Each structure stands twice: as structure tokens, then as C-alpha cells.
Amino acid sequence: MNVAAGVRVLVTGGAGFLGSHVVTALTGHPDVKLVVAGDVRPPEHPVEDVLYEECDVTGPAGLAALLERHDIDVVVHLAAIVSPGRDHDLEYRVDVDGTRHVLDACAEAGVRRIVVSSSGAAYGYHADNPEWLRETDTLRGNEEFPYAKHKRLVEQMLAELRATHPALEQVVFRIGTILGPTVQNQITRLWDGRALLAVSGSDSPFVFVWVDDVAAAMVRAATDGPPGIYNVAGDGRLTIHEIARRLGKPVITVPAALIGFGLRIGRMLHLTVHGPEQVGFLRYRPVLANEALKTRFGFTPAMTSAEAFEQYLRTHPGVARR
């Protein structure tokens with residue numbers, strides 16, 4: 001992609017956790033001429049030199065006009081609902097319909113490149129997943145787990161768009177668990193109690209990546225990085241038992257059937273939004289190999305999975321007991 005004149009970038013979800021880091025990183029790059037952050041809410045901490053626009057991806061009206069008004073070259077599409085809740089219809093409207101609206105607007109406005117935050121969840125949570133998942137492995141995001149299903153559907157749309165609009169370059173990042181100084185999600189909540197829950201017979205391995213590494217990869221994708229599909233994760237992985245030892249907390253190991261029964265009852269009583277499908281989420285973690293990111297894309301995360309976890313503990317001092 002020719003960046004001699006400087007690229008003009010729109011970031012959807014630009015006021016969110018990841019989006020705010022990405023827009024900050026973009027403003028510091030010499031090849032970026034303009035950064036527009038689109039979101040449904042104003043930023044908590046506005047970034048100097050970033051133009052903020054109201055942008056609701058659930059409705060197609062105005063998206064193409066927004067791109068044309070600012071003469072956008074590159075769209076970094078981050079708008080999504082990461083933590084599942086009870087409103088799966090809203091999650092679908094944001095994650096799937098929202099992406100479709102953004103892709104249609106990019107094609108209509110003649111955008112040169114789109115960068116999309118997909119997820120390792122697109123591979124799905126399956127007993128027969130390979131030990132290390134690579135970009136050539138089949139996407140099997142589970143029907144029973146909306147976030148994984150939605151990411152699979154989004155990637156199907158992207159594949160169709162590559163055939164119908166080959167001039168629109170794509171960088172698709174399948175991202176592992178992002179950790180950062182303010183992050184709070186369904187994974188970090190697993191570590192907040194007095195003990196960690198493990199499923200019998202599973203090591204529940206996790207891959208982590210620090211938010212600044214993700215933002216730096218996004219900047220490369222928006223400027224001079226090659227198009228393609230890449231797993232984004234730090235080197236290595238941590239099992240649930242290694243995490244527990246570092247936290248100084250015990251592990252309670254429970255059979256999968258018993259956990260599923262407890263979650264089913266808990267959801268019936270409105271004690272949790274999660275159901276039996278969450279057992280697969282805990283049991284069959286997608287472990288992302290990052291060789292393509294380092295060799296083909298030319299980016300190596302500064303932190304390994306273990307180092308990202310340590311940095312998370314330094315910025316969340318109440319989580320570990322020692």
C-alpha cells in the first residue's frame with residue numbers, strides 16, 4: 001500500500017478499550033495523516049489530534065458518507081461486543097450486521113484497505129483442536145457460543161468480499177486474550193476469586209497479548225504491513241495451573257458434567273449469564289501459533305504470553321496473593 005502521501009484512517013469502536021490504544025498509536029506514526037475515531041459514545045480521555053465522530057455500525061446510514069467526507073484510505077474495524085450477555089440479538093447486530101455495514105460502506109466509498117479484529121474464538125472451542133492453531137486451520141466457531149459464532153460469520157463475509165472486491169485489501173487479525181492496565185472481561189474475572197476453577201482432564205491453556213502490542217500491530221496493518229490473515233498472540237502459553245501458582249491460589253478441579261449442571265441451574269436462577277456451553281470455553285482453549293505474524297507480517301510482540309500476564313499483575317496488584 002502506497003503511504004507516501006500519508007494515510008487517512010477511520011477506527012470504528014475508537015473510544016473503546018482497544019480502540020483508544022490504537023488511535024493513540026496511530027497519531028504517533030509519521031505515515032498517518034488523519035485519525036478519525038468513530039463510536040457510539042464520546043471518549044473518556046480524548047486524544048489530541050484525533051477527530052471524533054459519532055458512528056453506529058448497527059445502522060448502515062451515513063457510514064459511506066462518513067468515509068467519503070474524510071477521504072478515508074484505511075478502516076480499522078474494532079467495534080464489537082466482547083463480553084457475552086443475555087442480549088444475543090444486540091451482539092449479532094453489532095458484531096455481524098455491523099461488520100457487514102462497514103464492509104459495504106468501504107466498498108462503496110472506495111477504501112483501499114480494511115483491518116479487522118477477529119479472534120482466536122473463530123476457530124472454536126473443540127476437543128479435536130490442534131495443540132497450536134494456525135491460520136490455515138478451519139474456522140469452526142461454535143453455534144452455542146455467540147461470540148465464536150459471530151467471529152466465524154464475520155470471517156466468512158470477509159472471504160466472500162475478497163472474491164467480489166479484490167481491490168479492497170484486508171488484514172485480518174485473529175487475536176488471543178488481550179491484557180492491559182484497565183482490562184476487565186470474562187477471562188480476567190476467572191482470576192479474581194479465592195480459587196481457580198479447572199475442568200477435569202484439561203490444562204485450559206491460554207495465550208495472552210499485551211494491548212500495546214496489539215495496537216502496534218494494528219498500526220503496521222494500517223500503514224505498511226502486508227495484507228493477509230494472522231494470529232496475534234505473544235510467544236508461549238500458560239496453563240490454568242501455571243496461572244494459579246503465579247496467583248498463589250488453589251485450583252478446584254471439577255468434572256465437566258458437574259460444571260455444566262451448575263451453570264445450567266445458575267442461569268435458570270439468573271445468577272449468571274453463562275450456561276453449559278461455557279464448559280467448552282474453559283476446557284478447549286484455542287491456542288494460537290504466531291509464526292506467520294512474525295515471519296510473513298513482520299511483527300514480533302514485545303511481550304510473551306507470560307510477560308503480558310506479569311504486566312497485568314503489576315497493573316492489577318490486588319489479583320495475586322503474592
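**Exercise 1. Helix H10 and its buried side**

Task: Find which residues of helix H10 are buried, then work out how they are arranged and what they pack against.

Solution: Start by listing the buried residues of H10, which spans residues 305-315: they are Ser305, Ala308, Phe309, Tyr312 and Leu313. Next, look down the helix axis: these buried residues fall within an arc of 140°, so they line one face of H10. Finally, turn to the partners of that set. The buried residues of H10 pack against two strands, S7 (177-179) and S9 (208-210), and against helix H6 (240-247). Keep in mind as you work that this is a predicted model.

**Exercise 2. A residue of H10 and its contacts**

Task: Decide whether Thr315 is buried, partly exposed or exposed, and name what Thr315 touches beyond its sequence neighbours.

Solution: First place the residue: Thr315 belongs to helix H10. Then take its relative accessible area, 29%. Buried would need under 20% and exposed over 50%, so Thr315 is partly exposed. Now for its contacts. Leaving aside residues up to four places away in sequence, Thr315 touches Gly180, Pro181 and Trp210. As a last step, compare sequence with space: Thr315 and Val183 are 132 residues apart along the chain, while their C-alpha atoms are 9.8 Å apart.

**Exercise 3. Two aspartates with positive phi**

Task: For Asp49 and Asp71, find the phi angle, the loop and the exposure.

Solution: Take Asp49 to begin with. Its phi is positive, at about 75°, although Asp49 is not a glycine. Asp49 sits in the loop that links strand S2 (32-39) to strand S3 (50-54). With a relative accessible area of 67%, Asp49 is exposed.

Now repeat the steps for Asp71. This residue, also not a glycine, has a positive phi of about 50°. Its loop runs between helix H2 (63-69) and strand S4 (74-77). A relative accessibility of 51% makes Asp71 exposed, given that the cut-off is over 50%.

**Exercise 4. The chain as a whole**

Task: Why does the radius of gyration agree with a compact globule, and what share of the residues is buried?

Solution: Begin with the expectation: for 322 residues, a compact globule would have a radius of gyration near 20 Å. The chain has 20 Å, so the two agree. Its C-alpha atoms fill a box of roughly 55 × 40 × 35 Å along the principal axes. Then consider burial: 54% of the 322 residues are buried. To finish, look at contacts between residues at least 6 apart in sequence: 77% of them join residues at least 24 apart. The fold behind these values has 10 helices and 11 strands.

Key: Residues are numbered from 1 along each chain as its sequence is written. This is a predicted model: local features need pLDDT of at least 70, side-chain atom pairs count only at pLDDT 80 or more; totals for chains, interfaces and linings use all residues. Side-chain values use heavy atoms; hydrogens and water are left out. Helices (H or I, at least four residues) and strands (E, at least two) are DSSP runs, numbered from the N terminus. The radius of gyration is taken over C-alpha atoms; the globule rule is 2.2 Å times the number of residues to the power 0.38. Buried means under 20% relative accessible area, exposed over 50%, partly exposed in between (1.4 Å probe, protein chains only). Contact means heavy atoms within 4.5 Å. The arc is that of the directions from the helix axis to the C-beta atoms.
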